[in-house]
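Got the viewer open? Let's walk through this one stop by stop, selecting as we go.

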Amino acid sequence: MKTIIIHLETIRKTETFGIFLGSIARKGDIICLDGDLGAGKTTLTQAIAQGLEVKPEYYVSSPSFALLHEYTGREKLYHMDFYRLHNSDDVINAGLEEYFYLPGVSVIEWSCRAVDILPDMRLSITLEQSKSQTGRVAVCRYIEKYWHERIEKLSAKVSGKK
């Protein structure tokens with residue numbers, strides 16, 4: 001697994017990160033989001049949905065109680081939240097594992113609760129609070145051959161490089 005750290009100094013940079021990530025997402029992608037409560041996982045998912053061209057009238061909200069919300073855009077978005085689940089058995093028993101293999105983009109909040117059943121080709125992002133009040137640090141982990149080129153473009157886009 002390769003690790004790259006992307007500094008998101010402002011809310012706008014975080015939105016740009018998510019929108020661009022959604023715009024480069026492909027069928028079958030799995031994007032895992034972890035971090036403390038309030039780290040920005042749902043906010044980032046909302047920006048990813050914009051990049052996937054989910055219509056603005058579909059408000060992307062946390063599926064903490066429903067476990068799963070589906071949205072239609074350029075690709076289908078399966079937004080899952082494992083916060084209320086304890087482990088991979090709970091994920092399997094809830095029938096959520098099948099969504100990992102559907103032709104859409106899966107975004108999973110609190111994926112750390114079921115990391116043992118997640119496909120290897122996922123992009124794992126841990127959001128951490130930065131020193132600024134509104135900033136975040138995105139620690140991205142991925143298998144190089146699958147995500148490397150896209151993550152390099154994403155990092156360049158957020159940092160303002162061409």
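Start by selecting S62 and showing whatever touches it: beyond its close sequence neighbours, S62 is in contact with T42, H69, H79, D81 and E109. Keep in mind that this is a predicted model. You'll find S62 in the loop between α2 (41-51) and β3 (68-71). Is S62 buried or exposed? Neither, quite: its relative accessibility is 33%, so S62 counts as partly exposed.

Now show the side chains here. The side chain of S62 makes two polar contacts to look for: one with the side chain of S64, at 2.9 Å, and one with the side chain of D81, at 3.1 Å.

Next, jump to D34, which sits in strand β2. What does a buried acid do for a charged partner here? D34 has no salt bridge, and the nearest side chain of opposite charge, R113, is 7.0 Å away. Have a look at C112 instead: its backbone nitrogen lies 3.0 Å from a polar atom of the D34 side chain. Expand the selection around D34 and, leaving out residues within four places in sequence, you pick up K41, W110, S111, C112, I125, T126 and L127 as contacts.

T126 is a good handle for moving across the strands. It is the bridge partner of D34 in β6, and β2 and β6 run parallel, joined by four bridges. Go on from T126 and you reach V139, which stands opposite in β7. This second pairing is antiparallel, with seven bridges between β6 and β7. To see how the chain gets from β6 to β7, follow the hairpin, which joins them through six residues.

Last area: helix α4. For a sense of distance on the way, K153 is 91 residues from S62 in sequence and 28 Å from S62 in space, C-alpha to C-alpha. Select 144-159 to get the whole of α4, and look along it for a kink of about 25° centred on R150. R150 is also one of the buried residues of the helix; the full set is W147, R150, I151, L154, S155, A156 and V158. When you compare positions along a helix, remember that an α-helix has 3.6 residues a turn, so residues three or four places apart point the same way.

What covers the buried residues of α4? Colour β1 (2-8), α1 (11-24), β2 (30-34), β6 (123-129) and β7 (136-142), which are among the elements lying over them. That brings back β2, the strand that holds D34. Finish at G160, which follows α4 and has a positive phi, near 90°.

Note on methods. Residues numbered from 1 in each chain as written. Predicted model: local features only at pLDDT ≥ 70, side-chain atom pairs only at ≥ 80, totals over all residues. Heavy atoms only, no water. Bend = angle between axes of the 7 residues up to and from the residue. Helix = DSSP H or I, 4+ residues; strand = E, 2+ residues; numbered from the N terminus. Buried < 20%, exposed > 50% of the residue type's maximum accessible area, 1.4 Å probe, protein only. Contact = heavy atoms within 4.5 Å. Lys, Arg positive; Asp, Glu negative; His and termini not counted. Salt bridge = Lys/Arg side-chain N within 4 Å of Asp/Glu carboxyl O. Polar contact = N/O pair within 3.5 Å; in protein donor to acceptor, adjacent residues only side chain to side chain. Pairing = 2+ DSSP bridges.
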